[in-house]
Amino acid sequence: MEMKSHLKEKRSPLHPSSPSATLPLRTKHACNMSNNQPFRWRTIIEVAVISIVLYIIVGAPGLPFSIFKSTGDSEQNVPAARAKVESLVHPDPGLKCATHDFAVHLLDTKPLVVYIEGFLTNDEAQHLIDISANKWQASTVFNAGVETQDDSVRKSEKALIERDEVVQCVEQRALAFQGWPRDTYIERLWTQRYNTSGHYSYHYDWASGSKWSRRASTFMVYVGDECTGGGTHFPKLQMPTDERWCRFVECGGDGDEGVTFKAKKGNAVFWMNFDADGRGYEETIHAGMPVTSGTKVGLNIWSWYQRS
Ligand SMILES: *[C@@H]1O[C@H](CO)[C@@H](O)[C@H](O)[C@H]1NC(C)=O
């Protein structure tokens with residue numbers, strides 16, 4: 001059902017009733033009437049021109065992103081997705097990235113949850129912080145499809161980062177990690193900054209997905225860890241028993257259920273949001289715990305599955 005309404009929404013602007021498609025028809029029709037009604041002919045042209053201008057001002061909904069929002073060659077041929085997803089990208093296939101080693105530790109298989117040690121190098125983490133400077137803006141949340149700011153739900157700042165080579169290599173690393181899944185794109189990357197008292201309350205990343213269009217997976221990457229607090233808490237995941245995990249997760253708990261990953265610079269938590277049938281995993285509910293001092297910088301890498 002979700003998919004149908006989405007497709008309908010997506011296609012309607014390209015339907016013959018859209019302003020751009022009807023212009024020739026209206027003009028022709030008006031021309032036929034113009035012998036007797038010259039003023040009407042002019043009015044119709046004006047209305048048509050104003051409609052087209054308004055259509056472009058509102059961002060030309062329904063047309064491929066590359067037409068009006070050209071932000072890089074590799075964004076071409078990416079299908080238009082739901083309005084909420086501002087931009088889907090795919091790293092340039094010709095991109096040459098240095099080989100990069102990291103260690104993986106499996107926490108769970110259903111859902112798949114993997115801890116990645118050294119997902120980013122220190123230089124890459126620093127670079128992400130550098131290119132975020134001067135771009136910070138208050139984070140927002142979506143409430144019934146409407147974007148709002150609500151400090152009780154989410155208190156942080158976000159920065160839309162330029163897709164330079166370092167960033168595209170991070171995108172490529174994320175896709176390679178997942179085995180280059182088909183019909184899967186990366187959502188444009190934003191860094192997130194959490195100052196003291198910054199947090200993000202319990203939520204799923206999979207809200208409002210469908211079998212054909214969804215945020216398939218998440219990497220929660222820790223980019224800056226000069227803070228106390230600020231771990232990522234999954235109340236429905238099972239705490240691992242081996243104490244070697246205590247490097248990465250809060251141990252000797254205060255009775256908190258589930259698993260809290262510590263914010264550790266360069267490391268990441270990866271998980272799948274949906275099962276093969278497109279059902280969201282309840283176990284992936286999580287929160288960004290309040291930062292009690294200092295500043296945490298994070299990076300979400302969301303992979304979006306889109307069948308067109
Ligand atoms: C967060 O901290 C940085 C400095 O660490 C500061 O520049 C910025 O204004 C702070 N943001 C908010 C929303 O207080």
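This is a short tour of two strand regions in a predicted model.

**Stop one: strand 10**

Start by selecting residues 190-194, which make up strand 10. Colour them by burial and you will find the strand mostly covered, with 5 of its 5 residues buried. Now show the side chains and turn the view so that you can look at each face. On one side sit Trp190, Gln192 and Tyr194, and on the other Thr191 and Arg193; each of these residues is buried, so both faces of the strand are covered.

**Stop two: the neighbours of strand 10**

Next, add residues 157-160, which are strand 8. Strand 8 pairs with strand 10 in the antiparallel sense, over 4 bridges. For a landmark, pick alanine 159: its bridge partner in strand 10 is threonine 191.

Then bring in strand 17, residues 291-306. Strand 17 and strand 10 also run antiparallel, and 5 bridges join them. Which residue of strand 17 stands opposite tyrosine 194? Click on lysine 296 to see the answer.

**Stop three: an open sheet**

Now move on to the open sheet of 5 strands, and follow the order 7-11-16-13-14 across it. The pairing here is antiparallel. To find the edges, select 154-155 for strand 7 and 259-261 for strand 14; each of these pairs on one side only.

Stay at the strand 14 edge and add strand 13, residues 232-234. The two strands run antiparallel and are joined by 3 bridges. Finish by selecting phenylalanine 234, which stands opposite valine 259 in strand 14.

Terms used. Residues numbered from 1 in each chain as written. Predicted model: local features only at pLDDT ≥ 70, side-chain atom pairs only at ≥ 80, totals over all residues. Buried ≥ 20, exposed ≤ 12 C-beta atoms within 10 Å, placed from the backbone. Pairing = 2+ DSSP bridges.
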